[in-house]
Amino acid sequence: MFTVREVGLYEREVRLRLPFRFGVVTLTEAPQVFVRARIELLDGSSHWGAAAELLVPKWFDKNLALSNEENFEQLRLALVLAADAYTEPARPRTAFGHFAAHYDQQIAAGAACRLNSLAASFGPAQIDRAILDAMCQSAGCSFYQAMRANLPGIDPALLPAQLPDLAGFDMRRFLAQLTPAATIAARHTVGLVDTIAGHPRDVNDGLPESLEEAITVYGHSFFKLKVGGAVEADLQRLIEIAAALDGITGPYHVSLDGNEQYDDLDALLDLWQRMQASPRLQRLIASILFIEQPINRKHALDRDVSALSRIKPVIIDESDAELSAFPSARTLGYTGVSSKCCKGLYKSVLNAARCRMWNAEAGGERYFMSGEDLTTQAGLAVQQDLALVNLLGLTHVERNGHHYVNGMAGLPQREQNAFLAAHPDLYEHSRGAVRVKIRNGRLAIGSLASAGFASGAYPAWATLRPLISPPPRQTARV
């Protein structure tokens with residue numbers, strides 16, 4: 001048990017080497033936020049921990065009336081609200097106890113500032129990671145060791161209103177049985193404006209620019225394909241993508257991401273029927289693992305998707321805004337849910353526990369989690385997300401930050417060197433910068449088992465700027 005004494009919030013700009021279009025936005029730059037937290041144990045000793053995450057527009061709140069900068073302000077506000085909540089009451093709690101104690105408070109405070117639950121939860125999601133890192137540092141253990149021993153004190157009884165379905169679940173046994181691996185497959189993202197074939201040389205930095213180049217250089221066999229909600233355009237783009245993927249000698253695997261671009265199930269079923277009618281899509285269709293949140297969140301949890309899930313499993317992503325979302329989605333035919341550190345590490349663990357419980361009841365592997373990316377950057381962000389999905393037993397995870405951003409280029413050299421020295425299996429130095437290393441489509445992540453929450457190194461704090469103050473809470477816009 002410990003008290004959260006300080007939370008420092010910082011940021012730095014990230015510029016993409018390639019534009020990344022998903023849903024309604026084409027991302028070219030965004031701030032990355034850094035959280036630094038100090039905890040105090042009952043013996044009076046203090047320990048620091050940290051976390052990092054990109055502030056991504058038009059995902060947490062897709063209101064087109066908002067500018068990207070206003071989306072950034074929403075997420076900054078969520079962080080400030082959470083930092084205030086975690087540090088104001090000087091009361092010792094477990095790591096999970098801090099999350100549980102402020103869960104309702106954060107969502108209510110966010111709603112008062114016109115933040116939806118997904119955006120409001122961004123703040124605790126990052127602070128929870130930083131204080132868990134500090135807790136692991138204090139115990140001299142790795143994230144994996146801490147979680148398997150349940151040092152965070154994960155207990156559904158602390159949130160009885162939100163987790164009634166887990167009341168009788170043996171959480172300690174579940175956590176103790178988790179077995180992380182030394183490598184994981186990287187699922188390559190194909191954005192809506194990505195070049196598929198050829199060698200465009202638009203950036204000309206020596207890194208892959210097209211899908212074909214990424215396959216050649218990284219050796220991927222897992223892919224995530226974005227679709228845009230226009231049936232004819234989506235069909236033609238999938239045919240173009242299939243031509244590239246079908247050149248892979250061995251088997252490949254695909255997920256389709258709708259990014260809420262379809263208003264109803266009928267339009268998506270129409271796309272599926274047209275895909276089935278195309279001879280050029282037969283291998284791609286057979287390779288699809290699941291479909292990710294195709295329906296707008298306004299309707300995603302009030303319409304049954306069983307007709308689609310009988311064809312391919314369907315997961316929720318953006319609709320996973322509160323702890324009750326996955327059970328609600330299950331009643332509508334969804335069988336999966338995404339894990340993203342930006343949504344909260346405890347949410348991922350609790351949803352993984354639900355999958356274990358429901359599969360035991362069903363007598364088979366029907367319910368599952370997928371590992372998804374929101375352009376996590378090299379450093380703490382990608383490391384902590386990799387450690388989380390690896391702990392939960394996922395064998396592949398969407399990774400796109402290394403493709404759309406030129407690694408750690410532009411960061412202080414001592415920071416780059418520190419991360420490379422701490423995680424030589426995960427990173428390499430090439431083409432002038434430290435970057436994620438992918439061989440045969442896989443990431444080596446054994447070094448993430450070091451002390452802390454996958455944090456063998458930290459940012460050069462003096463080079464970061466303080467978090468830009470969000471607008472006054474009472475005038476926060478939607």
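**Helices, crossings and loops in a predicted model**

Helix H1 has 20 residues, which at 1.5 Å a residue should span 28 Å; the C-alpha atoms at its ends are 29 Å apart, so the expected and computed lengths agree. The structure described here is a predicted model. H1 runs from residue 68 to residue 87. Most of this helix is covered, with 15 of its 20 residues buried.

The surroundings of H1 can now be followed, beginning with helix H2. H2 comprises residues 95–112, and its axis comes within 10 Å of the axis of H1, the two crossing at roughly 135 degrees. An angle over 145 degrees would count as roughly antiparallel. The crossing angle of this pair therefore makes H1 oblique to H2. The crossing of H1 and H2 is right-handed. On the H1 side, the contact is made by Ala-78, Leu-81, Ala-82, Ala-85 and Tyr-86, while H2 contributes His-98, Phe-99, His-102, Gln-105, Gln-106, Ala-109 and Gly-110. Sorted by class, the residues of this contact are 7 nonpolar and 5 polar, with no charged residues.

H1 also meets helix H4, formed by residues 122–139; the axes of H1 and H4 come within 7 Å and cross at roughly 55 degrees. This angle makes H1 oblique to H4. The crossing of H1 and H4 is right-handed. In H1, the residues involved are Leu-75, Ala-78, Leu-79, Ala-82, Ala-83 and Tyr-86, and they meet Phe-122, Gly-123, Pro-124, Gln-126, Ile-127, Asp-128 and Ile-131 in H4. The contact of H1 with H4 comprises 10 nonpolar residues, 2 polar residues and 1 charged residue.

How are H2 and H4 placed with respect to one another, roughly parallel or roughly antiparallel? Their axes come within 10 Å and cross at roughly 165 degrees. Because angles over 145 degrees count as roughly antiparallel, H2 is roughly antiparallel to H4. The crossing of H2 and H4 is right-handed. Ala-95, His-98, Phe-99 and Gln-106 of H2 make this contact with Pro-124, Asp-128, Ile-131, Leu-132 and Met-135 of H4. By class, the contact of H2 with H4 divides into 6 nonpolar, 2 polar and 1 charged.

The three contacts may be read together through individual residues. Ala-78 of H1, for example, takes part in the contact with H2 and also in the contact with H4. His-98 of H2 takes part in the contact with H1 and in the contact with H4. Ile-131 of H4 takes part in the contact with H1 and in the contact with H2.

Further along the chain is helix H14, residues 345–362. Its 18 residues, at 1.5 Å each, should span 26 Å, and its end C-alpha atoms are 26 Å apart, so the two values agree. H14 is mostly covered, since 14 of its 18 residues are buried. After H14 comes Gly-363, which has a positive phi near 75 degrees.

Positive phi values also appear in loops. Most residues other than glycine have a negative phi. Lys-58, although not a glycine, has a positive phi, near 55 degrees. Lys-58 lies in the loop between strand S3 (46–54) and H1. Is Lys-58 buried or exposed? At 5% relative accessibility, Lys-58 counts as buried. Thr-375 is another residue other than glycine with a positive phi, near 60 degrees. The loop that holds Thr-375 lies between strand S10 (368–371) and helix H15 (380–391). Its relative accessibility is 1%, and therefore Thr-375 counts as buried.

Two further residues show how contacts join parts of the chain. Leu-265 belongs to helix H9, residues 265–276. With 12% relative accessibility, Leu-265 counts as buried. Beyond residues up to four places away in sequence, Leu-265 touches Ile-295, Asp-304, Val-305, Ala-307 and Leu-308. Pro-294 is located in the loop between strand S7 (288–292) and helix H11 (297–300). Pro-294 is buried, because its relative accessible area is 1%. Apart from neighbours within four places in sequence, Pro-294 is in contact with Gly-258, Glu-260, Gln-261, Tyr-262, Leu-268, Leu-308 and Val-314. Leu-308 is thus in contact with Leu-265 and with Pro-294.

Terms used:
Residues numbered from 1 in each chain as written. Predicted model: local features only at pLDDT ≥ 70, side-chain atom pairs only at ≥ 80, totals over all residues. Heavy atoms only, no water. Helix = DSSP H or I, 4+ residues; strand = E, 2+ residues; numbered from the N terminus. Expected span 1.5 Å × (residues − 1). Buried < 20%, exposed > 50% of the residue type's maximum accessible area, 1.4 Å probe, protein only. Axes fitted to C-alpha atoms, helices over the stretch in contact; angles between N-to-C directions. Parallel < 35°, antiparallel > 145°, perpendicular 65-115°, else oblique. Left-handed = near helix turned anticlockwise from the far one by under 90°. Contact = heavy atoms within 4.5 Å. Nonpolar A, V, L, I, M, F, W, Y, C, P; charged D, E, K, R; others polar.
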